[in-house]
Amino acid sequence: MGERSTAADRRPSLLRLTAVELRKLADTRAGLWLLIVIGFSAAAIVAVQLFVVPAEEQTFRPFFESTLLPVGILLPVLGILSVTSEWSQRTALTTFALVPARHRVVFAKLAAVVVAALLSVAASIAVAAAGTLIADLTGGAGTWSVPGALLWHAAVFQVANVLIGIAFGLLLGNTPLAIVLYFVLPTIWSMLGGMIRALRTPAEWLDTAVTMTPLISPEMTGGQWARLGTSLLLWLVAPLVAGLVRTMRREVS
């Protein structure tokens with residue numbers, strides 16, 4: 001009994017594992033460059049707006065909203081890399097040897113990418129604030145008003161995107177395959193929903209391109225939240241559960 005207690009005491013906490021997984025997001029060259037590209041894309045979009053958008057529209061809210069979509073496109077790739085790199089770089093053997101309870105590693109990865117998603121929202125706020133300040137100094141409107149709901153909608157948007165990415169990574173376990181299918185499958189579904197009349201109503205509930213778009217606004221109805229939840233059951237919860245089961249059973253070599 002004493003030996004079991006000692007082993008439990010030596011087990012790294014979930015907080016420590018999450019910190020390790022956060023560091024690992026930028027440890028690989030691919031992860032580091034992806035983070036750089038995410039930050040650069042947000043800054044570039046705001047910079048372009050300062051030149052092409054009318055002065056009266058150079059305000060915090062459009063600056064902030066414009067950064068959400070490109071960051072949301074790239075963040076899921078970070079989620080995919082966080083799990084598939086363990087297998088492609090053969091570090092899974094070391095990771096699961098140090099932490100035999102694989103579910104704790106997966107939970108730490110989930111927590112790490114959620115933190116990364118929230119930090120991306122903070123970065124979008126900072127970039128939008130910088131753009132607003134520059135607009136104020138160069139003759140633009142430079143107003144700072146923004147609905148509070150938009151900020152937490154943005155957090156939900158980015159967290160959902162990155163979790164879908166990590167779900168695909170867990171399920172498929174292969175970086176190129178997970179990235180390709182993450183982008184291709186929803187695109188095919190959107191195309192079918194637009195072309196086939198019988199699929200238009202299901203697409204309103206299952207197409208994340210449709211159900212997640214209202215998040216980039218401060219207002220969402222109860223029906224829109226219901227459609228969002230339904231689509232996330234298909235694209236997030238189902239692959240995440242299946243991926244977790246696969247990870248628990250997958251042979252490490």
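## Overall layout

Helices here are DSSP runs of H or I with at least four residues, strands are runs of E with at least two, and both are numbered from the N terminus. Going along the sequence, the protein chain reads α-α-α-α-α-α-α-α-α-α-α, which comes to 11 helices and zero strands. This is a predicted model, where local features need pLDDT of at least 70 and side-chain atom pairs count only at pLDDT 80 or more, while totals for chains, interfaces and linings use all residues. Residues are numbered from 1 along each chain as its sequence is written, and side-chain values use heavy atoms, with hydrogens and water left out.

As for dimensions, the C-alpha trace of the protein chain spans about 70 × 50 × 30 Å along its principal axes. Of the 253 residues in the protein chain, 43% are buried (buried is under 20% relative accessible area, exposed is over 50%, and partly exposed sits in between, with a 1.4 Å probe and protein chains only).

## How the helices pack

Two helix pairs are worth a look. For both, the axes are lines fitted to C-alpha atoms over the stretch in contact, and angles run from 0 to 180 degrees between N-to-C directions. Helix α2 (residues 14–25) packs on helix α6 (residues 102–137) at an angle of about 60°, and their axes are 8 Å apart. That makes α2 and α6 oblique to each other; on this scale, angles under 35 degrees are roughly parallel, over 145 roughly antiparallel, 65 to 115 roughly perpendicular, and the rest oblique. The crossing of α2 and α6 is right-handed (the near helix is turned clockwise from the far one by less than a right angle; anticlockwise would be left-handed).

The other pair is α4 and helix α7 (residues 148–172), with an angle of about 25° and axes 7 Å apart. So α4 runs roughly parallel to α7. Here too, α4 and α7 make a right-handed crossing.

## Salt bridges

Side chains of opposite charge can pair when their charged atoms come close. With a salt bridge taken as a side-chain nitrogen of Lys or Arg within 4 Å of a carboxyl oxygen of Asp or Glu, the structure holds five. One of them sits in helix α2: E21 pairs with K24, with 3.2 Å between the closest N and O atoms. E21 and K24 are three residues apart there, about one turn of the helix. E21 is buried at a relative accessible area of 7%, whereas K24 is partly exposed at 25%.

Helix α4 has a similar arrangement in R61 and E65, four residues apart, about one turn of the helix. Their side chains meet in a salt bridge at 2.9 Å, N to O. R61 is partly exposed, with 29% relative accessibility, and E65 is also partly exposed, with a relative accessible area of 21%.

Which helices does the salt bridge between K109 and E86 tie together? Its closest N and O atoms are 2.8 Å apart, and K109 lies in helix α6 while E86 lies in helix α4, so the pair joins parts that are 23 residues apart in sequence. K109 is buried at 4% relative accessibility, and E86 is buried with a relative accessible area of 4%. Stepping back to the wider picture, E21, K24, E86 and K109 are linked in a network of salt bridges.

## A nonpolar patch on the surface

L69, I73, V180, F183, V184, I188, M191, L192, M195 and I196 make a nonpolar surface patch of about 840 Å². The elements that give two or more residues to the nonpolar patch are α4 (60–88) and α8 (175–195), with α8 giving the most, at seven residues. Patch members need over 30% relative accessible area and no salt bridge; like charges are joined within 9 Å, and nonpolar side chains (Val, Leu, Ile, Met, Phe, Trp, Tyr) within 5 Å. The areas come from the Shrake-Rupley method with a 1.4 Å probe, and for residues only the protein chains shown count as cover.

Where does I196 lie? It is in the loop between α8 and α9 (200–206), and it is partly exposed, with a relative accessible area of 38%.

## A loop residue

T28 belongs to the loop between α2 and α3 (29–52). At 19% relative accessibility, T28 counts as buried. From T28 to N161 it is 133 residues in sequence and 21 Å in space, C-alpha to C-alpha.
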